[in-house]
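This note is offered to a colleague beginning to read protein structures. Please keep the sequence and the model open while working through the numbered points.

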Amino acid sequence: MRHENIRINRERLLRRLEEMGRIGALEGGGNSRLAFTEEDREARDLLVGWMRGAGLDVRIDRFGNITGTRAGLEDGPPVMTGSHIDTVATGGKYDGVLGVLAGLEALETMNDAGIETKRPVAVTSFSNEEGVRFQPDMMGSLVYQGGLPLDEAYAIVDRDGCSIGESLERIGYIGDAPVGGNAVHAFIELHIEQGPILEDEGSTIGAVEGVQGISWTEYTFAGRSAHAGTTPMARRHDAGYVAAAVAAYVRRLAEEVGRGQVTTVGVFEVEPNLVNVVPERARITADIRNFDNGLLKDAEDKLNAFVTRTADEEGVAVERRTLARFDPTSFAPALVEKIGNAAERLGYSTRRIASGAGHDAQIMARICPTAMIFVPSVGGISHNIEEYTSDEDCEAGANVMLHALLDLAE
Ligand code: HGY
Ligand code: MN
Ligand code: MN
């Protein structure tokens with residue numbers, strides 16, 4: 001294996017993680033860089049500057065996906081890595097960012113070593129991976145892959161009625177590169193695990209075999225506001241009660257279905273939200289996931305049946321809106337093997353693992369052989385300003401990424 005002893009420039013990677021972490025920085029640590037906001041634009045500008053400084057051919061597509069490509073001796077579909085630089089509103093500084101900056105670092109290390117690869121190698125930052133302001137998540141890779149038509153994506157609005165098209169326009173990231181129909185030789189994403197398994201088991205690298213299925217549904221309940229003191233219980237249409245009953249059921253559903261089922265009510269709003277008024281309206285979201293699509297569908301059916309029954313009994317109307325639905329995805333075994341071998345050759349403890357979180361890789365797997373590399377999250381914490389991955393583990397993940405890319409690009 002050529003370039004056996006090549007390693008990334010740890011200082012350069014860590015310095016960039018720090019610098020990116022200062023954009024949208026939150027009190028007490030962490031980041032808030034919601035998709036297509038001013039903070040997102042600032043992060044994009046910083047990344048594009050670094051890509052250009054590395055001599056990459058930078059292309060921005062109609063959905064703001066940013067790709068920096070390092071030429072190979074031959075033209076043709078690139079070996080690609082990438083992830084995202086948008087965050088949730090209470091995000092950490094590694095989720096997504098580590099994958100993009102490690103990819104950039106791998107390409108710069110190839111530059112420093114004067115390595116010529118047969119195939120082009122590219123790093124992409126996908127727009128709106130988190131999907132917290134505009135649903136669904138993994139939206140940039142979905143548009144890139146052709147799974148979501150551009151005009152449909154532009155028309156999606158946030159809670160303030162602001163559309164993606166307007167927001168992308170405002171931050172100046174509607175590029176001219178086309179979306180859909182992109183040819184990619186192979187895709188590898190480095191990401192923090194965001195869970196406790198690698199840390200609990202003392203492994204540095206996770207060779208990720210697949211991602212679980214994701215189902216996001218928004219439920220809006222419409223009842224009737226009434227006086228909390230004078231209205232007999234039997235004559236209430238309490239939207240808040242229905243939302244609370246459904247939220248409690250969502251939690252029980254994980255136990256009822258079992259076998260790895262996870263369920264979360266992340267959004268819970270009632271109106272008018274006043275101490276002595278029976279709630280007229282309520283809005284909740286249910287995020288339910290499973291590695292088995294059959295079980296996930298079963299959980300969705302159980303939940304919908306419970307919502308209908310509970311709302312009917314209370315005389316409350318319900319509106320359902322699917323915010324995201326992705327099937328479980330298995331990665332290319334040969335690529336997973338390559339990642340495990342690269343990690344072992346580099347002397348890192350490694351194990352196979354499956355991803356509980358959604359990632360752009362699960363969309364890219366639709367168009368090319370794809371796999372992921374995980375590094376540990378301290379305390380298994382993520383989507384939390386306490387999110388932390390050690391410098392050593394960031395470096396280890398980036399080195400495995402570098403060697404996997406070289407292996408694929410030869
Ligand atoms: O929801 C997810 O799993 C990812 O963070 N978008
Ligand atoms: Mn992520
Ligand atoms: Mn995330």
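1. Thr124 is a suitable residue with which to begin, and it is found in strand β4, which covers residues 121–125. The model under review is a predicted one. Is Thr124 buried or exposed? Its relative accessible area is 0%, and because buried means under 20%, Thr124 is counted as buried.

2. The surroundings of Thr124 deserve a closer look. When neighbours within four places in sequence are left aside, Thr124 is in contact with Ile66, Thr67, Met80, Thr81, Gly82, Ser83 and Val100. With one of these residues, Thr67, the side chain of Thr124 makes a polar contact of 2.8 Å.

3. The metal site comes next. Which residues supply the protein donors of the manganese ion (ligand 2)? They are His84 and His191, each through NE2, and Asp95 through OD, at 2.1 to 2.3 Å from the ion. Along the sequence, these donor residues of the manganese ion (ligand 2) follow the spacing H-x10-D-x95-H.

4. A second manganese ion (ligand 3) lies 3.5 Å from the manganese ion (ligand 2), and Asp95 coordinates both. His84 and Asp95 are 11 residues apart, and both are placed in the loop between β3 (79–83) and α3 (97–112). Two of the donors can also be described by accessibility: His84 is buried at 0%, and Asp95 is buried at 5%.

5. The reader may then turn to charged side chains. As a general principle, side chains of opposite charge can pair when their charged atoms come close. In this structure, 27 salt bridges are found. One of them joins Glu395 to Arg10, with 2.8 Å between the closest N and O atoms. Glu395 belongs to helix α12 (residues 391–409) and Arg10 to helix α1 (residues 10–21), so this pair ties together parts that are 385 residues apart in sequence. Arg10 has a relative accessibility of 22% and counts as partly exposed.

6. A contrasting example lies within one helix. Asp45 and Arg41 form a salt bridge whose closest N and O atoms are 2.5 Å apart. Why are these two residues separated by about one helical turn? They are four residues apart in helix α2 (residues 38–53), and the separation of about one turn follows because of that spacing. Both residues are partly exposed, Asp45 at 35% relative accessible area and Arg41 at 23%.

7. Another salt bridge brings together the side chains of Lys338 and Asp407, at 3.5 Å from N to O. Lys338 is part of helix α10 (residues 333–345) and Asp407 is part of helix α12, so the pair ties together parts that are 69 residues apart in sequence. Lys338 is partly exposed at 27% relative accessibility, and Asp407 is partly exposed at 23%.

8. Salt bridges may also be read as a group. Which residues are linked in a network of salt bridges? The members are Arg12, Arg16, Glu105, Glu108 and Asp112.

9. The division into domains should be considered next. According to the domain assignment, domain 1 consists of 10–212 + 328–409, while domain 2 consists of 213–326. The C-alpha centres of domain 1 and domain 2 are 33 Å apart. To their contact, domain 1 gives 19 residues and domain 2 gives 16 residues.

10. The interface can be described by area. About 1,200 Å² is buried between domain 1 and domain 2, and carbon and sulfur atoms give 62% of this area. On the side of domain 1, the residues that lose the most area to domain 2 are Arg159, Gln212 and Pro328, which together account for 49% of what that side buries.

11. The interface also has polar features. How many salt bridges does the rule find across the interface of domain 1 and domain 2? It finds one. Arg159 forms a salt bridge with Glu269, the closest N and O atoms lying 3.8 Å apart. Between domain 1 and domain 2, two residue pairs are in polar contact, with both residues at pLDDT 80 or more. On the side of domain 1 that touches domain 2, β14 (350–355) and α11 (361–364) each supply at least two residues.

Notes:
Residues numbered from 1 in each chain as written. Chains lettered and ligands numbered in written order. Predicted model: local features only at pLDDT ≥ 70, side-chain atom pairs only at ≥ 80, totals over all residues. Heavy atoms only, no water. Salt bridge = Lys/Arg side-chain N within 4 Å of Asp/Glu carboxyl O. Buried < 20%, exposed > 50% of the residue type's maximum accessible area, 1.4 Å probe, protein only. Donors = N, O, S within 2.8 Å, 3.2 Å for Na, K, Ca; no water. Domains from an automatic or database assignment. Contact = heavy atoms within 4.5 Å. Buried area = accessible area lost by both parts, 1.4 Å probe. Polar contact = N/O pair within 3.5 Å; in protein donor to acceptor, adjacent residues only side chain to side chain.
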